[in-house]
Amino acid sequence: MQFIKQFFHNDCLLCDSRTQNNTELLCDLCRSDLDLYPLGTDLLYSYTSISSHIIHNAITGIAVVSNYQWPFEQWIPQMKFHNHINSAKLMGQMLNEHLANSLWPTIDLIMPMPIHSQRLLQRGYNQAELLCKFIDHSAHSKLSHALTRTKYTQPQTELNKIERKQNMKQAFACEDTVKGKTVLLVDDVITTGHTANAAAQELLNSGATAVYLAAVAIRKYN
Ligand SMILES: [Zn+2]
């Protein structure tokens, strides 16, 4: 019976009540409780007090769903370390909603922020790739893995400002298939911006026209 129940409908990820059309992952009440950035807003232009604290000189636009707070501070680790598919699906759908409302030009390539092969081996999957799976199906043909992580880096949050910059030096490599393309980088969390910016810089160095960034959450870092 439990199996049949799970098969035919989803319960709300936050309150366990049945969702409206059985396919939604959040009920309307819980959804209305979330504190989200308005759909389609670009953090670089609409929230300069926040974006001025992150490194973004190689990035043309940033879409974020929420600040790193409840319930994203639960959902993101669930997705990242416990392969929680429904958390990834819900956050991927939320990102997709933002992108559908953005005023950005047409995106040619969508790229998950790559993780190093050693970390991939430890974790078994890349959480950014998981998010990309739930971004609009019509966009799937645009999914690209031209960008790779060549250096096993320490988590940025464990380092000071100077170390963080050093840590990201030559951390990425990119194929020249990005030449002349507008790229969307997808990640779970932005903290200092160093990682995303280094990735974007590598894409630009390889001939990409512009790099946009979409992340589920932004974490304020001191
Ligand atoms: Zn609910």
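Good morning. I shall start at Asn 83, which sits in the loop between helix 5 and helix 6, the latter covering residues 85-100. Please bear in mind throughout that the model on display is a predicted one.

Asn 83 has a phi near 50 degrees, a positive value in a residue other than glycine. As a general matter, most residues other than glycine have a negative phi. Is Asn 83 buried, exposed or partly exposed? With a relative accessible area of 38%, Asn 83 is partly exposed.

Let us turn to the two helices on either side of that loop. The axes of helix 5 and helix 6 come within 9 Å, and they cross at roughly 120 degrees. That angle makes helix 5 oblique to helix 6. As for handedness, the crossing of helix 5 and helix 6 is left-handed. Which residues meet there? From helix 5 come Phe 72, Trp 75, Ile 76, Gln 78 and Met 79; from helix 6 come Ser 87, Ala 88, Leu 90, Met 91 and Met 94.

Just before helix 5 there is a further backbone feature to point out. Pro 71 is located in the loop between strand 1, residues 61-67, and helix 5, residues 72-82. The peptide bond that leads from Trp 70 into Pro 71 is cis, and its omega is near -5 degrees. In general, most peptide bonds are trans.

I now move towards the beginning of the chain, to the zinc site. Which residues coordinate the zinc ion? Four cysteines do so through their SG atoms, namely Cys 12, Cys 15, Cys 27 and Cys 30, at 2.3 Å. The angles among the 4 donor atoms run from 103 to 115 degrees, and the site of the zinc ion is tetrahedral. For reference, the ideal angle for four tetrahedral donors is 109.5 degrees. Along the chain, the donors of the zinc ion follow the spacing C-x2-C-x11-C-x2-C. Among these donors, Cys 12 and Cys 27 form a pair that links distant parts of the chain, 15 residues apart. Both of them are placed in the loop between helix 1, residues 2-8, and helix 2, residues 28-33. Cys 12 and Cys 27 are both buried.

Two other residues of this loop deserve a moment. Asp 16 lies in the loop between helix 1 and helix 2, and its phi is near 70 degrees, a positive value in a residue other than glycine. Asp 16 is exposed, with a relative accessible area of 59%. Thr 19 also belongs to the loop between helix 1 and helix 2. Is Thr 19 buried or exposed? Thr 19 is buried, at a relative accessible area of 2%. Setting aside neighbours within four places in sequence, Thr 19 contacts Asn 10, Asp 11, Cys 12, Glu 24, Leu 25, Leu 26 and Cys 27. Two zinc donors, Cys 12 and Cys 27, are thus found in that list of contacts. The C-alpha atoms of Thr 19 and Leu 29 are 9.7 Å apart, for a separation of 10 residues along the chain.

My last group of residues comes from later in the chain. Ala 214 is part of strand 6, residues 210-218. Why does Ala 214 count as buried? Its relative accessibility is 0%, and the cut-off for buried is under 20%. Not counting residues up to four places away in sequence, Ala 214 touches Ala 63, Leu 95, Leu 99, Leu 184, Leu 185, Val 186 and Asp 187. From C-alpha to C-alpha, Ala 214 and Pro 112 are 9.7 Å apart in space, and 102 residues apart in sequence.

Thr 182 is found in strand 5, residues 182-190. Thr 182 counts as buried, at 11% relative accessibility. With residues up to four places away left out, its contacts are Thr 106, Ile 107, Asp 108, Leu 109, Thr 209, Ala 210 and Tyr 212.

Finally, Thr 150 is in the loop between strand 3, residues 147-149, and helix 9, residues 161-167. At 43% relative accessibility, Thr 150 counts as partly exposed. Beyond four places in sequence, Thr 150 touches His 116, Gln 170, Ala 171, Phe 172 and Ala 173. How far apart are the C-alpha atoms of Thr 150 and Ala 171? They are separated by 5.4 Å, with the two positions 21 residues apart along the chain as the sequence separation.

Thank you for your attention.

How values were computed
Residues numbered from 1 in each chain as written. Predicted model: local features only at pLDDT ≥ 70, side-chain atom pairs only at ≥ 80, totals over all residues. Heavy atoms only, no water. Donors = N, O, S within 2.8 Å, 3.2 Å for Na, K, Ca; no water. Tetrahedral: all angles 85-135°; square planar, octahedral: opposite > 155°, others 65-115°. Helix = DSSP H or I, 4+ residues; strand = E, 2+ residues; numbered from the N terminus. Buried < 20%, exposed > 50% of the residue type's maximum accessible area, 1.4 Å probe, protein only. Axes fitted to C-alpha atoms, helices over the stretch in contact; angles between N-to-C directions. Parallel < 35°, antiparallel > 145°, perpendicular 65-115°, else oblique. Left-handed = near helix turned anticlockwise from the far one by under 90°. Contact = heavy atoms within 4.5 Å.
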